[in-house]
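Trainee: Please take me through one part of this model in detail. I would like the ligand site and what lies around it.

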Amino acid sequence: MNTHSSPSISACAVAGNLDEKMTDNAWIDVIQQMDAIYADLVTYQVELEKKNEELEQAQQFIESVLSSMHDVLVVADIDGKIQRVNQTLERLIGQRGEALQGKPLSILFPPSVAPLVNEFPEKIRSGDLIDCEVSMLDSSGELVLMAVTCKAHYAHDGRLLGSVLTGRPLDEIRRAYRELQAAHEQLKAAQNQLIQSEKMASLGRLVAGVAHELNNPISFVFGNMHALRSYESRFRQYLDEVHRNISVEAREKLRAELKIDHILDDIGPLLEGSLEGAERVRDIVQELRRFSAPKNNSVGEFDLVSLVKSAVHWVVKSARTPPQVLFDVPERLVVQASEGYIQQILINLLQNALDAVEELDQPRIDVALAARQGQAVVTIHDNGPGIAEDDLLRVFDPFFTTKPVGKGTGLGLYISYGLATEQCNGSLTVKNDPAGGAVFTLSFPVGEVRS
Ligand SMILES: Nc1ncnc2c1ncn2[C@@H]1O[C@H](COP(=O)(O)OP(=O)(O)OP(=O)(O)O)[C@@H](O)[C@H]1O
Ligand SMILES: [Mg+2]
């Protein structure tokens, strides 16, 4: 039996073992599932925290954008009740946002505007965009004119939530605009002054040439006057003797001694020469007056050839060693432009050319003038050293100069470029001639010229 009983005992034991094993497995299952659920929970928690952090950052971002906005901002619900405002509005009206919550938009405006503002919710519901200029009330009850825009504001599912109103104080914009305009006017005045003083500086240099030009005829007249004065005393002496009724012989002797006949022969040419000198002085003065008379900077008709020639004449006169100037110009070229500005540009270009050839043994300046496709083109080509490649673009910069202190300010070409391009609608360019020297080309429209 024992032999029998032992298998049943062992079968029980096996069954018991099986049960135990199953229970263990079930527990393991449960534990594993709990582990998985716990792991999921941890993952969700981490994700939630991450989302929370993102949400907080987004909120902080929106807060900082709202608080740094210069415009006032009001968020209202669908009935036009205030939900939120930004700090600019709080500062403007002197009230905290919380105190405004739930109140109608119209309390931000004076009573006269309230009916208009009360229509905003209806307009927003019907899809209108509101854009108007209305006054708001500031903390001291003063009216502040605003450019106001009010737009619908929707939930992510497209549901209309209400409206967002933004307003920008117009007084500030207008004041900023006025300040900008005043600054612009000041800049224009300073620029005009710069052009004027630069013009005076270059005219100053021309004075030397004028003095030289006047010197010749004046010294001529001077010399003649001295001769006439000595003749006058000899005549007086001769006439005195004649009136004392001296003998014919004594008179003839005196006439020969005082060289009265020679004087009589000489007086004519002397007077003629003096007259010529005086006329030359008069012409120079007239020419100079014409040249330096404040030219009208507004557009007018004039002969460009005579302007170029007189500019060359006066600028070259101021040179210590006048260069040879070769002209390639037509008889006349009537243009319609600003004579004053063109003259100023020409003087600057010619003075630069003169400076460039000053030290040469055979200084030479070629001046050409032509009309091409409605443009007057003036080229001034010197036989100086030309301009270093690196400097070709810099020569038009303000204060760029390679001349010694006191000789050049570096404004001539800067101002000329501005006058050519902005005032005369033309261009001013520079290049080096491969054969030597610098070539400056001024072009500008000749305008409508009467033939
Ligand atoms: N014809 C030229 N040949 C060589 N260099 C020139 C010539 N014209 C101008 N330059 C260079 O360009 C520079 C700028 O010329 P710009 O006329 O602006 O000033 P500046 O002549 O030096 O002084 P200023 O203000 O008295 O005119 C000159 O210093 C010179 O170096
Ligand atoms: Mg110059």
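**The ligand site**

Mentor: This is a predicted model. Ligand 1 is surrounded by 19 residues. The closest are Thr401, Thr402, Lys403, Thr409 and Leu413.

Take the polar contacts next. Thr401 places a polar side-chain atom 2.5 Å from an oxygen atom of ligand 1. Asp382 also uses its side chain: a polar atom there lies 2.8 Å from a nitrogen atom of the ligand. Leu413 uses its backbone instead, with an N or O atom 2.8 Å from an oxygen atom of ligand 1. On its own, ligand 1 has 590 Å² of accessible area, and the protein covers 90% of that.

What kind of space does ligand 1 take? It is the largest pocket. Three elements each give two or more residues to the shell: helix 10 (339–357), helix 11 (412–423) and strand 12 (438–445). Sorted by class, the shell holds 8 nonpolar, 8 polar and 3 charged residues.

Now the segment between strand 10 and helix 11. Strand 10 covers residues 375–382. Gly384 is found in the loop that runs from strand 10 to helix 11. Is Gly384 buried or exposed? Its relative accessible area is 9%, so Gly384 counts as buried. Gly384 and Ala438 are 54 residues apart in sequence, yet their C-alpha atoms are 6.9 Å apart in space.

Phe399 is found in the loop between strand 10 and helix 11 as well. Its phi is near 65°, a positive value in a residue that is not glycine. Most residues other than glycine have a negative phi. Phe399 has a relative accessible area of 58%, which means it is exposed, given the cut-off of over 50%.

On to the loop after helix 11. Asn425 sits between helix 11 and strand 11 (427–432). Asn425 is not a glycine either, and its phi is positive, at about 55°. With a relative accessible area of 59%, Asn425 is exposed.

Strand 12 is one of the shell elements, and Val439 has its place there. Which side of the cut-off does Val439 fall on, buried or exposed? Its relative accessible area is 9%, so it is buried. Along the chain, Val439 and Ile387 are 52 residues apart. Their C-alpha atoms are separated by 9.6 Å.

Now strand 8, residues 334–338. Ser338 is found in this strand. Ser338 is buried because its relative accessibility is 3%, and the limit for buried is under 20%. Compare a pair that is far apart in space: Ser338 and Glu279 are 31 Å apart, C-alpha to C-alpha, with their positions 59 residues apart in sequence.

One last stop, in another stretch of the chain. Ser126 is found in the loop between helix 5 (120–125) and strand 3 (130–137). A polar atom of the Ser126 side chain lies 3.0 Å from the backbone oxygen of Lys123. From Ser126 to Gln95 the C-alpha distance is 31 Å, and the two are 31 residues apart in sequence.

Back to the ligand to finish. Side chains of Thr401 and Asp382 and the backbone of Leu413 give the polar contacts described here. Helix 10, helix 11 and strand 12 each supply two or more shell residues.

How values were computed. Residues numbered from 1 in each chain as written. Chains lettered and ligands numbered in written order. Predicted model: local features only at pLDDT ≥ 70, side-chain atom pairs only at ≥ 80, totals over all residues. Heavy atoms only, no water. Near = heavy atom within 4 Å. Polar contact = N/O pair within 3.5 Å; in protein donor to acceptor, adjacent residues only side chain to side chain. Areas by Shrake-Rupley, 256 points an atom, 1.4 Å probe, with all protein chains shown as cover. 1 Å grid on protein atoms, 1.4 Å probe; cavity = no way out; pocket = protein on both sides within 12 Å on 5 of 7 lines; lining within 4 Å. Sits in = over half its atoms within 2 Å of the grid points. Helix = DSSP H or I, 4+ residues; strand = E, 2+ residues; numbered from the N terminus. Nonpolar A, V, L, I, M, F, W, Y, C, P; charged D, E, K, R; others polar. Buried < 20%, exposed > 50% of the residue type's maximum accessible area, 1.4 Å probe, protein only.
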